[in-house]
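Work through these three exercises with the structure open beside you. Try each task before you read its solution.

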Amino acid sequence: MRLLASLAFAAAVTTAAPAFAQIAASMADDGVTITDAGKPVLFYRTKAADPADPGRLNFVHPLYAPDGTVLTEEKPVDHIHHRGVFWSWHQVLASGASVGDGWFMQGLGFRTTERAFADGALTVKVDWLDAKGATIAHEVTKVTPRPLAAEGARRIDFDTTIMPTVDGFALGGSDDVKGYGGFSIRTVRPDALSFVSDGKPVTPRNEAVEAGGVMALEWPREAGYPAWTIHVGCKAQDKPVTSWILRKSLSMQNCVFPGRAPFPIAKGQALRLESVLVVSPAKGL
């Protein structure tokens, strides 16, 4: 029986977990490292490492398994714009016109304005900037890593709100039949992954596939591959995301929201994205 057939298991991981006393954060100039009992859980980059690449911030990499295995890649040669665990869109509109491409980090910048860690959760506030440096939206992302559950699984919650400061704001995925955009993860060895949702294998295709609200990313249970499974679940505006862009190739995996058609967000209103990662031991699934 698979460890996670639905988001109900993710809730159970939280229920079984002890208090947050061992979850800690170490602040550095370029980002925040979160640890559990001194062992690294993730690094959240809040400042670009290269001034020539100023848009490469506001993402998580590395993401670690409980045994220290690095599960994500950043800036791989096949897709240098991929960056660990990230949330971005090709179509970013303000005042009804395109201001840039957040997926490729072109024409759109970010400025971290605040970082805070309390009660086991990291909160990062980021301004979205157009090419002239004007603020077009405020983002607040809260990342809550849970202590290890009894069966060795770790849950990490991502809660992001994006609030425009201008009229005519909208976000959309790639302007093609794929429509990818939103919460995404670039894992190590993505070409070896298989996919399971609602207990059934899922076959990737060029376009988005419809499946359950949780997708399991599984590596072969062989030497040389991570001995872990990553379960991904997403919600947008409190509704489960059930469209997925999946790739058994050198690429990323994506909870598709909103798809190709841009999703308008009124000035002063907010888009809320809630995403969950559960990293569990591959054995016994």
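**Exercise 1. An aromatic pair**

Tyr44 has a relative accessible area of 0%, so Tyr44 is buried. The model you are looking at is predicted. Task: describe how Tyr44 and Trp87 pair, and find which parts of the chain the pair ties together.

Solution.

Step 1. Recall the general idea. A pair of aromatic rings is described by the distance of the centres and the angle of the planes.

Step 2. Take the distance. The ring centres of Tyr44 and Trp87 are 6.2 Å apart. The cut-off for a pair is within 6.5 Å.

Step 3. Take the angle. The planes of Tyr44 and Trp87 stand at 65°. Planes over 60 degrees apart count as edge-to-face, and the Tyr44–Trp87 pair is edge-to-face.

Step 4. Place the pair. Tyr44 belongs to strand S3 (residues 39–45) and Trp87 to strand S5 (residues 85–88), so the pair ties together parts 43 residues apart in sequence.

Step 5. Check the partner. Trp87 has 7% relative accessibility and counts as buried.

Step 6. Widen the view. Tyr44, Trp87, Phe158 and Phe183 form one aromatic cluster. The structure holds 10 aromatic pairs.

**Exercise 2. A disulfide**

Task: work out which strands the disulfide of Cys234 and Cys255 ties together, and say whether each cysteine is buried or exposed.

Solution.

Step 1. Recall the bond. A disulfide is a covalent bond between the sulfur atoms of two cysteines.

Step 2. Check the distance. The sulfur atoms of Cys234 and Cys255 lie 2.1 Å apart. The cut-off is within 2.5 Å. The count for this structure is one disulfide.

Step 3. Read the handedness. The angle about the S-S bond is 55°, and the link of Cys234 and Cys255 is right-handed.

Step 4. Find the strands. Cys234 sits in strand S18 (residues 228–236) and Cys255 in strand S21 (residues 253–255), so the link joins parts 21 residues apart in sequence.

Step 5. Judge the burial. Cys234 is buried at 2% relative accessibility. Cys255 is buried too, at 3%.

**Exercise 3. A loop residue**

Task: locate Thr165 and list what Thr165 touches.

Solution.

Step 1. Locate Thr165. This residue is in the loop between strand S11 (154–164) and strand S12 (169–172).

Step 2. Judge the exposure. Thr165 has 23% relative accessibility, so Thr165 counts as partly exposed.

Step 3. List the contacts. Leaving out residues up to four places away in sequence, Thr165 touches Thr135, Ile136, Ala137, His138 and Lys267.

Step 4. Look at Thr135. The side chain of Thr165 reaches the backbone oxygen of Thr135 at 3.0 Å.

Notes:
Residues numbered from 1 in each chain as written. Predicted model: local features only at pLDDT ≥ 70, side-chain atom pairs only at ≥ 80, totals over all residues. Heavy atoms only, no water. Helix = DSSP H or I, 4+ residues; strand = E, 2+ residues; numbered from the N terminus. Buried < 20%, exposed > 50% of the residue type's maximum accessible area, 1.4 Å probe, protein only. Contact = heavy atoms within 4.5 Å. Polar contact = N/O pair within 3.5 Å; in protein donor to acceptor, adjacent residues only side chain to side chain. Phe/Tyr/Trp six-rings, centres within 6.5 Å; stacked < 30°, edge-to-face > 60°.
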